[in-house]
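This report examines a single protein chain from its backbone to its packed interior. The sequence and the structure are shown first, and the discussion follows.

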Amino acid sequence: HKTKINGYTVYYRTAGDYEKQHLIFFNGWGARVDGFLGSDKVILKLAKHFYVTSPELPGFMRSDPPREVWKVNEFVHFAHKILEPLNLKKPIVMGQSFGGGVAALYAGFYPEVSCLILVDAVLAGRRENWYFRLRYLLVRIAKIMNSRLVPFFFKKIVWSSYLGIPHRLLTRENFHHYMVMPEFQASPYYIPQVDYKKFAVPIILVWGNRDMWVSDLERAQEVHREVTNSRLIIVKGPHTILYRKPQYVVTKIVSEMRQMKII
């Protein structure tokens, strides 16, 4: 679906039977519509069990980028403007990586949700490891990429990989508009500010056992220990395991939710 909100052209996808339990899915940074790291496979697997709605947040995939550096809260409230007219009932909110940070904030701001699922998510209030701190270099790299000396075809490859933008949507005219994205990622506004212990709904944490760099497994284990009403599912794989093995990961999530009597 394509819609216009506050002057931004934004996209969202839906799949499944509307009469089933509703689920909102937020993609991670660099996820694509389809293909390698494609979220379409995840959405279709989830749609066997839920009615799925997946917003493509501004600056990611096909949606227009923000006109200035936003705070993560602004992405959350913008997502709600996409979702509010859809009349979703007590949705489960699920997010991977950066999308997990958005999902947690969404559940905090709009507490009518029934469950929060964080998959290899950016977590609030955690010590940053050396790899995660590398994002502060992205602004410098982006400025180099913006140079006229860099061939445009190479720019398209890098930015498409970085934000999941289809090649056809990147033009010489709009390329510089995406500079706000690395500036946002390197800003203090990137990390969500939430207290997981205050959530009234159950939290399911799903982590790849080899996610030691981007969203460190140890941080997820900390949250699990802190939050009584939480479950931790550890699966074999890296940070992107949800996109690499969607059937396996979704099956594990659904099984856990049935044990917890959420569905």
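Does Ser97 count as buried or exposed? The model is predicted, and in it Ser97 has a relative accessibility of 6%, so the residue counts as buried.

## Backbone outliers

Ser97 is located in the loop that links strand 5 to helix 3. Its phi is positive, about 55 degrees, although Ser97 is not a glycine.

Lys261 is another residue other than glycine with a positive phi, in this case near 60 degrees. Lys261 belongs to the segment that follows helix 10 (246-259). With a relative accessible area of 71%, Lys261 is exposed.

## Strand 6 and its partners

Strand 6 spans residues 115-119, and five of its five residues are buried. On one side lie Cys115, Ile117 and Val119, on the other Leu116 and Leu118; both faces of the strand are thus covered.

Strand 6 runs parallel to strand 5 (residues 92-96), and five bridges join the two. Within this pairing, Gly95 has Leu118 as its bridge partner in strand 6. Strand 5 and strand 6, together with helix 3 (residues 98-109), make a β-α-β unit of right-handed sense. Strand 6 also pairs with strand 7 (residues 203-208), again in the parallel sense, over four bridges. Here the bridge partner of Ile117 is Ile204 in strand 7.

## Nonpolar cores

In soluble globular proteins, nonpolar side chains tend to be buried together. In this model the largest nonpolar core has 63 residues, and Phe26, Phe98, Leu118, Trp159 and Tyr196 have the most contacts inside it. Apart from neighbours within four places in sequence, Phe98 is in contact with Asn27, Gly28, Trp29, Leu57, Phe60, Val72, Phe75, Val122, Phe184 and Tyr190. A second core, separate from the first, has 32 residues, including Ala31, Val119, Ile204 and Ile233.

## Leu123 in the loop after strand 6

Leu123 is placed in the loop between strand 6 and helix 4 (130-133). Its relative accessibility is 9%, so Leu123 counts as buried. When neighbours within four places in sequence are set aside, the contacts of Leu123 are Leu118, Ile191, Tyr196, Trp207, Arg219, Ala220 and Val223. Between the C-alpha atoms of Leu123 and His80, which are 43 residues apart along the chain, the separation is 20 Å.

## Aromatic pairs and a charge over a ring

How many aromatic pairs does the model contain? The count comes to 24. In one of them, Phe60 and Phe75, the ring centres are 6.4 Å apart and the planes meet at 55 degrees, so the pair is tilted. Phe60 lies in the loop between strand 4 (51-56) and helix 2 (72-83), whereas Phe75 lies in helix 2, so the pair ties together parts that are 15 residues apart in sequence. Both Phe60 and Phe75 are buried.

Tyr106 and Tyr110 also form a tilted aromatic pair, with 4.9 Å from centre to centre and 45 degrees between the planes. Tyr106 has a relative accessibility of 4% and counts as buried; Tyr110, at 14%, counts as buried as well. A charged side chain meets a ring elsewhere: Arg67 lies over the face of Tyr8, 3.9 Å from the ring centre.

Methods
Residues numbered from 1 in each chain as written. Predicted model: local features only at pLDDT ≥ 70, side-chain atom pairs only at ≥ 80, totals over all residues. Heavy atoms only, no water. Phe/Tyr/Trp six-rings, centres within 6.5 Å; stacked < 30°, edge-to-face > 60°. Buried < 20%, exposed > 50% of the residue type's maximum accessible area, 1.4 Å probe, protein only. Lys NZ or Arg CZ within 6 Å of the ring centre and 35° of its normal. Pairing = 2+ DSSP bridges. Right-handed = clockwise from strand over helix to strand, strands pointing away. Core = buried A, V, L, I, M, F, W, Y, C linked by side-chain atoms within 4.5 Å. Contact = heavy atoms within 4.5 Å.
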